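Biologist: Could you take me through a single part of this model closely, giving the criteria behind each term as you go?

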Amino acid sequence: MISYKHITKIIGVAMTVAVVFCFWLMTFSQKVAETLSPVRETMAYEEALFDTDEVMKIDIQMEQDEWEEMLENATAKEYYACDVLINDQKLYNVGLRTKGNTSLSSIAMDPETDRFSLKMEFDHFVEGQTCFGLDKLVLNNNYADATSMKEAIVYDMYQYLGVDASLYNYAEISVNGEYLGVYLALEAVEESFLVRNYGTEDGKLYKPDSMKMNGGSKGGSFGGQPPGPMENGARPDIEDFDFAKGEGIKPPDMGKMPDGGPSMGGGNGANLNYTDEELSSYADIWDGEVTDTGKADHGRVVTALKNISEGTDPDRYLDVDNILKYMAVHAFSVNLDSLSENMAHNYYLYEYNGMLNILPWDYNLAFGGMNQGPESSASEVVNDAVDTPFPGTTFFDALLENEEYISRYHEYLNLLAQEYVLGGRFQEVYQGIRSRIDTLVKTDPTALCSYEEYEAGAEMLYQTVMLRAESVKGQLDGTIPATDEEQLADTSNLVDASGIDISVMGVMDMGGALERKSARAAGRP
C-alpha cells in the first residue's frame, strides 16, 4: 500500500507536469497559429485617421514659393519638406510630393488646373517618424471621377468582405490655412500596411506595371527600366512613372515596342502569366519592388506562378480566400484599368513563403470610367460578365475552373449584390458620404468639375451600382448569361441600362477600341 506521504508527492509531481505541459501546449499552439496565419496588428491610425464618420483635416504648412515650385515641376515628383497638421497631430519635416501616372501627366498638361494627387512620407526626412503609426499617406485628387466617390465605394466593399486592402477616408486639405479641396485619403501599401495586415511576417511586396515608357520625360522610365534611387536612397514608386506625357497610347496588343512606346500587354510578367523559368522574363514584377528583394525571392514567385498556371495545389501557392474576395469586388466594380483588361498594372503582389496574394489599388476609373471608345455602352458596364472577369491574364483561370472555388467566388459576389447593395449597406455608405462631402465639394476651389456635375455624377453612380447588383444577381441565378460569349449570343435578358449615361460619372476616354465583348469572346486582347 502506498503511504499518504507518497501519494502527496505523486500528486505534486503530476500537477507540476500538467502545468508544464499546459504552458508547452499554449506556446506550441501559438507558434503553429503564427505559422499558419499572420497575426494582424491593431494600429492607432485605424481609428485616429480612418474613422469614416469624420472627415480628416490636413493643413500643409510650407513656404509658398516651395509649394508653387513643387506644382510647377510636378512631373519630377521630387520631395519637399513641410510641416503637417493632421486633425490635432502636428508633424514636422514631412516629405511631400506630387504623385500619379496618367492623371499627373494630364493635370500637368492642363493650363486650367494644378490639382495634383499628393503623397506624404512622414519618415522621408525624419527616420522612424509616423502619424499614429502610419508611415505614408496618399491623397487622391479624384481625377476623371465626377462622382468623387468611386474609390471610396470600392474600398468600402473590400472592407465589407474583409479583404487585405487600404483603409480610406475623405480629407479636407488646406495649404497654410487656405482650403485647397476635398481629396480621398488612402493608407499607402507599404510598411505600416504590411504590419497592420501581416504583423511581423517577413513577406515581399511588389507593384508590377506594364505601363512604362521608353524615352524621355523627366521622372519616366527608360528602356523599360525605372529611374534610379531618389534622394536619401528612397526608391521611386512604380505607380509614379510618367505616362506618355503628350503622347497617345498604342493598341493594347502591341506589347513592348522595340522603338519606344508603352508596354501594355504585360509581356514582362506584369500580367502574372507564367512563360518560363527565366527570372528576366518577369522584369516588370522585380522593377516594381516595394520591399528589398533578391533572386531567391524572385525564384519563389516564379515557382508559384508556374504551379498556379498548372493548377497545382492552389492552396499552397495562393491566398485563395483573399484572392476570391478580391476577384468578387474587382469584377463587381468593373475596373478595366487593371488586370481586367490589357493594362497590367494597378495592383500589388505580396509573397510570403512561396504563397502569392493580390492587393487592390486605384479605382477612380471603376464602373465604366475607362471609356473604351464610342462603341462601349452602359449595358457593357451594368451587365459585365462575372464568369469571364479577367481576359487580360490566365492567373485566375485555375480558380474559375474549380467548382469549389468558383462557388465561393459566387458567394462573395452574392454578398455584394444581395447584402451590400440591395440589402441597404451601399445606400447607407452613399448617403453618409454625401452628407460629409457635399458642402466640401461645393466650395472646393480646385475641383475638376462643377458642383452640378458632381451631383449628377453621384446620382448616376447610385443608379449604376443598383443596376449592377441586379445584373450580378441575375447572372448568379442563371437568368442572365454570365460569360462574354453567352451574352453576345443572347442579349434578351440583360438588365436594361438605357437610363445610364456613363460619361456623366466621368471617364478617361481611351478611344478607338473594338467592341469589348466581341474581342474578349474571340480570345483577342
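Modeller: The following account treats one open sheet and the helices that lie across it. The model is a predicted one, in which local features need pLDDT of at least 70, side-chain atom pairs count only at pLDDT 80 or more, and totals for chains, interfaces and linings use all residues. Residues are numbered from 1 along each chain as its sequence is written, and side-chain values use heavy atoms, with hydrogens and water left out.

The sheet is open and consists of three strands in the order 8-9-10, with antiparallel pairing. Strands (E, at least two residues) and helices (H or I, at least four) are DSSP runs numbered from the N terminus, and two strands pair if DSSP finds at least two bridges between them. Strand 8 (204-206) and strand 10 (355-360) form the edges, each pairing on one side only. On average, neighbouring strands of this sheet are turned by 25° against each other, direction ignored; axes are lines fitted to C-alpha atoms, for helices over the stretch in contact, and angles run from 0 to 180 degrees between N-to-C directions.

Strand 9 covers residues 347-352 and pairs with strand 10 in the antiparallel sense over six bridges. Within this pairing, L349 has I358 of strand 10 as its bridge partner.

Two helices complete the picture. Helix 8 (residues 295-310) lies across strand 8, strand 9 and strand 10, and runs at about 75° to strand 8; contact means heavy atoms within 4.5 Å. Helix 10 (residues 320-332) lies across strand 9 and strand 10, running at about 30° to strand 10.
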